[in-house]
There are 2 protein chains.
Amino acid sequence: MISPLATPIPQNAQPVLCETELVAVLVSISNNTPHILTLEHGRSFPSGPLMVEHRSLQKGMRNWVEHQTGLKLGHTEQLYTFADPLHGQGHQMVQISYMAFIRQNCDHSLAERSIYDYFPWEDRRDVTTCPLLHTIASRLKQWAASNTQRWQRCTTVFGLEDHAWNDELSLQRYELLWEAGLVPESSWQNGAHLPGLSMHRDYRRILATALSRMRAKIRYTPAVFDLLPRQFTLLQLQQAMEALAGRAMHKQNFRRLVQQQKLVSRTAEYDSPPQGRPAQLYQFAPETAEHCYLAGAKLPLPAIS
Amino acid sequence: MISPLATPIPQNAQPVLCETELVAVLVSISNNTPHILTLEHGRSFPSGPLMVEHRSLQKGMRNWVEHQTGLKLGHTEQLYTFADPLHGQGHQMVQISYMAFIRQNCDHSLAERSIYDYFPWEDRRDVTTCPLLHTIASRLKQWAASNTQRWQRCTTVFGLEDHAWNDELSLQRYELLWEAGLVPESSWQNGAHLPGLSMHRDYRRILATALSRMRAKIRYTPAVFDLLPRQFTLLQLQQAMEALAGRAMHKQNFRRLVQQQKLVSRTAEYDSPPQGRPAQLYQFAPETAEHCYLAGAKLPLPAIS
DNA sequence: CTATATATGCTCTTATTGAGTATATATAGC
DNA sequence: GCTATATATACTCAATAAGAGCATATATAG
């Protein structure tokens, strides 16, 4: 069965018994911005060890979150598993990270932070981040120097020169900044680091993974609806998408898209804004669930510089 | 920091020390069909425990694979982590699965199996699977019975009625068949199960995840090139894409797509087929790496039944 | 010279996207 | 009742991109 080339397993090698920790990235939307629940002044996520009585990893994570926060989780998915050499001798810790959406955080004030506090360059809904992107571009250029392949990578990942900005590349962007020594977590640092909160361990990397995943997920599944109240206006829905994607969308086209697919149905009720025409309240129509398309209707990004 | 609702951690709960196993789904293409490397008569994957001296999970997996098979890995990504209650008392086993592409399996005959031996319904390159899909459709209808929401799910996932076939939904399809009791792994069985090899533990589910992931991956990244020889004809490239996606593509449109993006550059050499005009050999031009688009150029699927 | 299998070139229709213009509807405050 | 304001709609239009078809060129084996 096995190739004749197979070399024997080294005899001295020792399997490891690991502590296993379940880490939860809990995403919600408030104030038209995606937020996460954090601990330790924004430097850590809710987490807990895998227990004997947990019947599965995901259930274990749910248990922990419910114990710690009392929240009900919506759309949930596993993100990534990584190992941490446990400070010192032959132990290791395995950390399994999950992302989950939560609807409204009622009002008990959990320690929420905007995702864009950690990655300011990822929010491109208006021109405010353009100076920052300009800075990043010039510092990356400096780092790439005459290495054209490296610069090529920068341009594709950050949408520079003739490349388009791809919001799902947030992880690659973070990793590139890390390599370039522009974030405080970098092993070496290349001058002053960029603005943006950092976190313990690999957690900011996990968060970048989560951002990337959620942006991918909301495109093709009705997962956004797990972040909105049961009833919402189309504008709220659009703003939620914009908040997650980090870019503005064309209102008319967005509505066309949503209604073509019969993703939502109108309710009898209306929203009453402080001013202006009251907006119709809609609800998710899960018949079409499992699959939808909410990607289109993008507006051109503000030009960098 | 924590919500006032937080309930205390149960005092009797015990953290678990886990054995951690690294599982590798090794994908290659031979005979115009995607294959995987297996052990135990196709029922298991190469794997090994996480060792103290492994500096990261991915490196650990690479080490194991190289020891067991002597292969070099191309595009590699983590798939999914799951827990297995270790037959009996308070231990658990955590299994971390990876997918990796390998270029050509030279000639030392490893135990290769076609992925479509496990999921015959996923290969829709020609009409041969249509009778099977017809069977599946009718048995799913039987299972859904009068539960319209359930049937709705079947139609979206299997592309029935007016829905389009989405090749990236292979995991959802497998899970649906599992729920419907149509595969031998189902907890209860609903009559005779469908054709298709099964595997130990959750491995067939892992394989379905891998198939789904690779289909998603080859669309937007140049990962396919890690499955092809360094030099290849455009037809080989197309056939590799077709093999993975499980559907035929329009030749002229495919070439248009590939060449527009300058993904490949011609070499001086030619392929010499047994008959017919020799094909130009190309090589991957990695300038554009990190991002590309190879999705288009689909041919209509053969009608089911 | 022919059968065969590949490589190319070009056209055409349709659907999707991005983007713009115009208008309708409701409320608050004067 | 009029006006400012903020929303909800309706339509149009151009530019691509995607799916599909037709035709032809090129090389080899026999």
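1. The exposed side of helix α8 of chain B is a suitable starting point. In this predicted model, B:Gln252, B:Arg256 and B:Gln260 are exposed on the side of α8(B) that lies opposite its buried residues.

2. Which residues of helix α8 of chain B are buried? The helix spans residues 251-260, and its buried residues are B:Phe254, B:Leu257 and B:Val258. These residues lie on the same side of α8(B), because the arc they cover around the axis is only 95°. The student may therefore look at the helix as having one side with B:Phe254, B:Leu257 and B:Val258, and another side on which B:Gln252, B:Arg256 and B:Gln260 are exposed.

3. The cover over this buried side should be examined next. Among the elements that cover the buried residues of α8(B) are α7 (234-245) and β8 (264-271), both of chain B. After α8(B) comes B:Lys262, and the phi angle of this residue is positive, near 55°.

4. A second position in chain B deserves a comment. B:Val16 is located in the segment before β1, a strand that covers residues 17-30 of chain B. Is B:Val16 buried or exposed? Its relative accessible area is 4%, and because buried means under 20%, B:Val16 counts as buried. In sequence, B:Val16 and B:Met93 are separated by 77 residues, whereas in space their C-alpha atoms are 9.7 Å apart.

5. In chain A, the pairing of strand β9 (residues 279-284) should be described with both of the strands named here. Strand β7 (residues 231-232) pairs with β9(A) in the antiparallel sense over two bridges. Strand β8 (residues 264-271) of chain A also pairs with β9(A) in the antiparallel sense, over five bridges.

6. Which residue of β9(A) stands opposite A:Phe232? It is A:Tyr282. A:Arg266 likewise stands opposite A:Tyr282 in β9(A). A:Tyr282 is thus a useful residue to locate when tracing the pairing of β9(A) with β7(A) and with β8(A).

7. Some overall values for chain A complete the note. Chain A contains eight helices and nine strands, and 52% of its 305 residues count as buried. Its accessible surface comes to about 13,900 Å², and carbon and sulfur atoms account for 50% of that area. Among contacts in chain A with a separation of 6 or more, 64% are made by residues 24 or more positions apart.

Key. Residues numbered from 1 in each chain as written. Chains lettered and ligands numbered in written order. Predicted model: local features only at pLDDT ≥ 70, side-chain atom pairs only at ≥ 80, totals over all residues. Heavy atoms only, no water. Helix = DSSP H or I, 4+ residues; strand = E, 2+ residues; numbered from the N terminus. Buried < 20%, exposed > 50% of the residue type's maximum accessible area, 1.4 Å probe, protein only. Contact = heavy atoms within 4.5 Å. Areas by Shrake-Rupley, 256 points an atom, 1.4 Å probe, with all protein chains shown as cover. Arc of directions from axis to C-beta. Pairing = 2+ DSSP bridges.
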